[in-house]
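Reader: I would like to go through this structure and ask what stands behind each term.
Author: Go ahead; the answers will set values against definitions.

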Amino acid sequence: METPQSLLFSILLFLSITSKLSLATEVYNVVQLGAKLDGRTDSTKPFLDAWNAACRSTGSPMIYVPPGTYLLNRVLFSGSNCKNTATTLKIDATLLAPSDYRILGNKKNWIMFKQVNGVSIIGGTLDAQGDTLWACKSNRHNCPEGARTLEFENSKHVVIQGLTSINSQKFNVVISGCQNVNIQGVKITSPGNSPNTDGIHVTSSIGVTITGAVIRTGDDCISISPRTSNLWIENIICGPGHGISIGSLGMNLIEAGVQNVTAQSITFTGTENGFRIKTWAKPSNGFVKGVRFQQATMINVHNPIIIDQNYCSHSKGCPHQASGVQITDVSYKNIKGTSATKVAVKFDCSRAKPCSGIVMENVNLSYQNQAAQSSCISAGGSAHGVIQPSSCLV
Ligand SMILES: *[C@@H]1O[C@H](CO)[C@@H](O)[C@H](O)[C@H]1NC(C)=O
Ligand SMILES: *[C@@H]1O[C@H](CO)[C@@H](O)[C@H](O)[C@H]1NC(C)=O
């Protein structure tokens with residue numbers, strides 16, 4: 001029931017938001033469309049209704065989610081028939097997944113955007129309530145795989161700004177088959193022992209930028225899969241987690257490569273890896289080319305710098321094989337700090353396709369106040385400036 005006060009409130013809200021985001025031509029408030037901010041009533045339909053209305057708009061519509069907690073089931077926002085390329089989803093609220101993990105557990109994702117063009121998500125906390133699924137996975141074997149919290153697929157011109165993701169069942173944010181994606185100031189938090197809770201996963205995408213993120217998680221802070229290029233990562237705080245990882249690549253015989261990746265101004269604290277490139281030890285035509293890892297501080301990181309081309313999990317047809325993934329033109333510059341293990345720099349490259357063009361410049365990593373060690377197999381390149389541990393590149 002619309003009371004005069006709530007009507008007045010809506011009008012004021014409308015005015016305050018439109019003045020802040022003066023581009024928005026129409027505002028669709030999910031509460032006015034029936035969403036309940038009690039955290040218990042399923043609000044999936046009002047969110048979809050708001051999306052469908054915004055999608056039909058030819059202007060620059062905004063979907064507004066007022067403060068509160070909203071229970072959302074799996075939701076697919078499809079953009080294939082949308083009439084505009086400037087939709088903003090402003091979330092001043094927490095979106096909550098069903099507490100029973102079986103509801104989403106076998107769906108691939110929870111909040112999914114597909115084939116959208118020009119969508120910005122501003123703010124919001126996504127709480128996937130994954131803890132009971134993690135507990136299941138640590139005790140039993142027949143648990144569902146879990147849903148990714150937020151996924152953009154086959155989309156372009158996307159902004160994700162100031163979003164928080166907590167307790168993801170599986171990967172937190174996934175960018176798949178996208179072009180021109182800007183992820184700014186996101187916060188991702190899952191416990192260090194939560195399984196497969198990668199922070200941001202980028203795959204088959206061109207022109208993704210990730211800046212100013214704080215990522216504490218149980219798997220890779222950022223993971224990068226085949227067919228990804230022009231990726232820019234800057235100003236990231238990572239840990240706990242498994243670091244920034246290109247890979248695993250080379251799982252398939254025919255595979256597109258990863259090219260032109262920059263990761264700079266990164267702090268890793270207590271992570272399993274710092275900068276990692278990882279490939280399966282089996283034939284593939286995949287490649288990694290043109291990667292810059294620079295300006296990083298490692299604090300007690302297990303493998304600060306690592307290329308591992310001998311990955312072979314669950315003996316998936318790869319024992320005693322060599323990786324076909326060619327790694328060339330990778331630089332490590334201005335990297336300092338401490339390693340939690342003696343070998344701080346490890347280049348374990350493919351015997352079939354040795355790494356080439358690895359450049360190290362001003363790398364200073366220590367282990368328990370002593371010199372750390374480096375280890376090279378089939379790794380070629382050059383070193384400049386201060387290099388500790390000393391370079392083993394040939
Ligand atoms: C590499 O990627 C950056 C964005 O990360 C882009 O600005 C630059 O043009 C790309 N370089 C090439 C050669 O495509
Ligand atoms: C390397 O870092 C350590 C610890 O910060 C520092 O004491 C040492 O002087 C550095 N070495 C060089 C050659 O810069």
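Reader: Which element gives the largest share of the lining of the largest cavity?
Author: Strand β6 does, with three residues. This is a predicted model, in which local features need pLDDT of at least 70, side-chain atom pairs count only at pLDDT 80 or more, and totals for chains, interfaces and linings use all residues. Residues are numbered from 1 along each chain as its sequence is written, chains are lettered from A and ligands numbered from 1 in the order in which they are written, and side-chain values use heavy atoms, with hydrogens and water left out.

Reader: What makes β6 a strand?
Author: Strands are DSSP runs of E with at least two residues, helices are runs of H or I with at least four, and both are numbered from the N terminus. β6 covers 87-96, and both β6 and β8 (117-127) supply at least two residues of the cavity lining.

Reader: What makes a space a cavity, and what makes it a pocket?
Author: On a 1 Å grid over the protein atoms alone, a cavity is a set of points where a 1.4 Å probe fits but cannot get out; a pocket is an open set with protein on both sides within 12 Å along at least five of seven lines, and lining residues have an atom within 4 Å of a point. One cavity of 30 Å³ or more is present, and the largest cavity holds about 50 Å³. A volume is the space filled by probe spheres set on the grid points, which are joined across faces, edges and corners.

Reader: How is the lining of the largest cavity divided into nonpolar, polar and charged?
Author: Nine residues are nonpolar, with no polar and no charged ones. Ala, Val, Leu, Ile, Met, Phe, Trp, Tyr, Cys and Pro count as nonpolar, Asp, Glu, Lys and Arg as charged, and the others, Gly among them, as polar. The lining consists of Phe77, Leu89, Ile91, Leu95, Ile111, Ile121, Leu126, Leu150 and Leu163.

Reader: What is the volume of the largest pocket, and which residues are closest to its centre?
Author: The volume is about 690 Å³. Of 25 lining residues, Phe171, Asn196, Gly247, Ser248 and Tyr311 are closest to the centre. β15 (200-203), β19 (244-249) and β21 (273-280) each give two or more residues. The lining divides into six nonpolar, twelve polar and seven charged residues.

Reader: Why is Thr279 called buried?
Author: Buried means under 20% relative accessible area, exposed over 50%, and partly exposed in between, with a 1.4 Å probe and protein chains only. Thr279 has a value of 0%, so Thr279 is buried. Thr279 is found in strand β21.

Reader: What makes the pairs that Thr279 forms with Gln309 and Ser323 polar contacts?
Author: A polar contact is a pair of N or O atoms within 3.5 Å; within protein, one must be able to donate a hydrogen and the other to accept it, and residues adjacent in sequence count only if both atoms are side-chain atoms. The side chains of Thr279 and Gln309 are joined at 3.2 Å, and those of Thr279 and Ser323 at 2.8 Å.

Reader: Is Asn260 buried, exposed or partly exposed, and what is its phi?
Author: Asn260 has a relative accessible area of 30%, so Asn260 is partly exposed. Its phi is near 60°, a positive value in a residue other than glycine.

Reader: What is the peptide bond between Gly239 and Pro240?
Author: It is cis, with omega about 0°. Pro240 lies in the loop between β18 (228-238) and β19.
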